[in-house]
Amino acid sequence: MTSEPQSSRLGGGPGGFPFAPPLPLFLLNPILKRIVHRIAVQNPDMFDRLGPHRHAYFLIDPVDIPFMLYLRPDPEALDFRAVGRRNPPPHAARISGKFLDLLTLMDTEQDGDALFFSRDLIVTGDTEAVVCLRNALDDVDDPIAESVADMFGPPGRAALNALRRAAENAQKRKGAK
C-alpha cells in the first residue's frame, strides 16, 4: 500500500448535500489550524507511530455534516482544514462515519474495529495508514476531544459534554433496535 494521495470522486454522505448553500469554510480553517498545532505541541511523540504515513493525507468524512476534514499529520508540514464535499482533494485514505461516532472514537476508548465491522465506520484507501493513525491517537495521554474543549474554556467543555450526551443517547437508541 502507498501513502501517496489518490483522487476521489465520491460525494458526501448518504444523499449528499446537493442544495446546501456553500459554507464559509475559510472561517473554520484558522480554528482547525490552531487545534492541530496545539495537539501536536502537547503530543510530539505521537508522530513516531505514523512512520512513513506522517506524509499521507487523510480525508475524515463526518457524513452527517456538510463538510469534510483534511488532515496531514506531518509535524514538518501539519495541515488540518475543512473542505467541501463537491470536489474532495487527493488523499491516501478516507475515514467516513457519523459525526458523533467519529467524535466518540477520538474522545474515548471506543473500539474502532467494532465501528468498522458494524459498518458504522467506513475506511477506504490505505488501511495501513489509517491503522497507524489510530495507533498514534491511542498513544495520546488525554483524549484529544478534551484537549480541544479546554482550548475554548467553559463554553468548549460545555459543548463537549453536550456532544458526549448526544453520542451516549445515540448509542442507546442503536442498542434498542
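This is a short tour of a predicted model, moving from the sheet to a hairpin, the core and a pair of helices.

**Stop 1: the sheet**

Start with the five strands. Together they form an open sheet in the order S3-S2-S1-S4-S5, and the pairing is mixed. Which strands lie at the edges? Select S3 and S5 (121-125): each of these pairs on one side only. From one strand to the next, the twist averages 15°.

Now add H2, residues 99-107. H2 packs on the sheet. Look for its contacts with S1 (58-62), S4 (93-97) and S5. The direction of H2 makes about 125° with that of S1.

**Stop 2: the S2-S3 hairpin**

Select residues 68-72, which are strand S2. Then add residues 79-83, which are strand S3. The two strands form a hairpin, with six residues between them. They run antiparallel, and five bridges join them. Pick out two pairs across the hairpin. Arg72 stands opposite Asp79 in S3. Leu69 has Ala82 in S3 as its bridge partner.

S3 is an edge strand. Is S3 largely enclosed or largely open? Four of its five residues are buried, so S3 is largely enclosed by the rest of the structure.

**Stop 3: Leu69 and the core**

Stay on Leu69 and show what surrounds it. Leaving aside neighbours within four places in sequence, Leu69 is in contact with Leu32, Phe58, Leu59, Ile60, Phe80, Arg81 and Ala82.

Next, display the largest nonpolar core, which has 35 residues. Which members touch the most others? They are Phe58, Leu69 and Leu71. Helix H1 (residues 25-42) gives the most to this core, with six residues. As general background, nonpolar side chains in soluble globular proteins tend to be buried together.

**Stop 4: H2 against H5**

Go back to H2 and add helix H5, residues 144-151. The axes of H2 and H5 come within 6 Å and cross at roughly 100°. An angle from 65 to 115 degrees counts as roughly perpendicular. H2 and H5 are therefore roughly perpendicular to each other.

Show the side chains where these helices meet. From H2, select Leu103, Met106 and Asp107; from H5, select Ile144, Ala145 and Glu146. How do the residues of this contact divide into nonpolar, polar and charged? Four are nonpolar, none is polar and two are charged.

Technical notes. Residues are numbered from 1 along each chain as its sequence is written. This is a predicted model: local features need pLDDT of at least 70, side-chain atom pairs count only at pLDDT 80 or more; totals for chains, interfaces and linings use all residues. Side-chain values use heavy atoms; hydrogens and water are left out. Buried means under 20% relative accessible area, exposed over 50%, partly exposed in between (1.4 Å probe, protein chains only). Two strands pair if DSSP finds at least two bridges between them. Axes are lines fitted to C-alpha atoms, for helices over the stretch in contact, and angles run from 0 to 180 degrees between N-to-C directions. Angles under 35 degrees count as roughly parallel, over 145 as roughly antiparallel, 65 to 115 as roughly perpendicular and the rest as oblique. Contact means heavy atoms within 4.5 Å. Ala, Val, Leu, Ile, Met, Phe, Trp, Tyr, Cys and Pro count as nonpolar, Asp, Glu, Lys and Arg as charged, and the others, Gly among them, as polar. A nonpolar core is a set of buried Ala, Val, Leu, Ile, Met, Phe, Trp, Tyr and Cys residues joined through side-chain atoms within 4.5 Å.
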